[in-house]
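Here is a walk through one protein model, from its overall fold to a few local features. Keep the structure in view as you read.

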Amino acid sequence: MRKPAGMLFALVAIALLVTPARAQTGKQPPQMTPEQKAEMEAYMKAGTPGAPHQALASTAGSYDLKIKSWHEAGTPPMEDTGTATRAMTLDGRVLVEDLSSSMMGTPFTGHGMTGYDNVTGKYWATWNDSMLTGLMVSEGTCDAQKSCTFIGHWNDPVKKAPVKARMSTRWTSPTVQVFEMYAPGKDGKEFKMMEITYTKK
């Protein structure tokens with residue numbers, strides 16, 4: 001039977017504490033102290049999926065995508081289509097997305113993960129794709145309608161410095177989700193650089 005990762009960490013930590021006592025006495029290890037019990041309970045609570053993870057799981061499935069991207073504010077968008085699949089992993093703790101599309105006329109693939117940290121009380125997300133070798137990391141919140149706002153950053157290959165971005169997602173129907181991404185333009189002002197409409201198959 002699999003155990004939550006947090007519980008395994010707690011068990012390892014406690015094992016390290018009680019092993020010397022067992023080695024010295026040759027008997028069963030002593031009962032956990034109240035402090036050890038509290039530590040184990042904290043790890044178990046942190047590692048147990050809850051309602052936010054169930055909300056993520058409800059978005060699992062296959063999607064058709066309509067993609068719009070802008071290089072500068074006020075210019076017409078480039079339009080592409082694609083597909084995406086979403087599935088839960090780590091026993092219902094993390095949502096994994098794999099995306100396939102085209103970007104500027106070339107094949108484009110992306111891989112993202114989204115989870116909810118019981119310790120911080122916030123959602124987190126990672127993203128990497130076939131256009132870069134770096135990793136985008138973001139953190140955010142979601143409301144009861146599964147509308148979310150994330151703030152993240154990636155490393156700009158031209159400026160060789162982190163770029164801050166704002167992302168939002170909202171469901172316009174039970175099967176349609178709209179993702180929007182905003183980042184600074186050449187003038188330093190935020191503009192909408194991407195919009196992806198996900199339609200669940």
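The paragraphs below start with the strands and then turn to single residues.

This is a predicted model. Its strands form a closed barrel of 10, in the order E1-E2-E3-E4-E5-E6-E7-E8-E9-E10, with antiparallel pairing. From one strand to the next, the twist averages 25°. As background, strands of a sheet pair through backbone hydrogen bonds, parallel or antiparallel.

Where do E1 and E10 meet? Strand E1 covers residues 61–69 and strand E10 covers residues 190–200. They run antiparallel, and 7 bridges join them. Ile67 has Ile196 in E10 as its bridge partner. Ile196 also stands opposite Phe179. That second contact belongs to the pairing of E10 with strand E9 (residues 176–184), where 9 bridges join antiparallel strands. So take Ile196 as a landmark: Ile67 is its partner on one pairing, and Phe179 faces it on the other.

E9 and E10 also make a hairpin, with 5 residues between the strands. Within this hairpin, look for Gly188. Its phi is positive, near 85°.

Now move to E5 and E6. Strand E5 spans residues 122–129, and strand E6 spans residues 136–142. The two pair in the antiparallel sense over 5 bridges. One residue pair to pick out is Thr126, which stands opposite Val137 in E6.

How many disulfides are there? The count comes to 1. Cys142 and Cys148 form it, with their sulfur atoms 2.0 Å apart. The link is right-handed, with 110° about the S-S bond. Its two ends are covered to unlike degrees. Cys142 has a relative accessible area of 26%, so it is partly exposed. Cys148 has 11%, so it is buried; the cut-off for buried is under 20%.

Next comes the surface. Met78, Met104, Met131 and Leu132 make a nonpolar patch of about 350 Å². Where does Met104 lie? It sits in the loop between strand E3 (94–103) and strand E4 (106–117). Met104 counts as partly exposed because its relative accessibility is 45%.

Finally, consider the helical part. Helix H2 covers residues 34–46 and includes Lys45. Is Lys45 buried or exposed? Its relative accessibility is 67%, so Lys45 counts as exposed. Lys45 and Asn118 are 73 residues apart along the chain. Their C-alpha atoms are nevertheless separated by 7.7 Å.

Note on methods:
Residues numbered from 1 in each chain as written. Predicted model: local features only at pLDDT ≥ 70, side-chain atom pairs only at ≥ 80, totals over all residues. Heavy atoms only, no water. Patch = residues over 30% accessible without salt bridge, like charges linked within 9 Å, V, L, I, M, F, W, Y side chains within 5 Å. Areas by Shrake-Rupley, 256 points an atom, 1.4 Å probe, with all protein chains shown as cover. Salt bridge = Lys/Arg side-chain N within 4 Å of Asp/Glu carboxyl O. Helix = DSSP H or I, 4+ residues; strand = E, 2+ residues; numbered from the N terminus. Buried < 20%, exposed > 50% of the residue type's maximum accessible area, 1.4 Å probe, protein only. Pairing = 2+ DSSP bridges. Axes fitted to C-alpha atoms, helices over the stretch in contact; angles between N-to-C directions. Disulfide = S-S within 2.5 Å.
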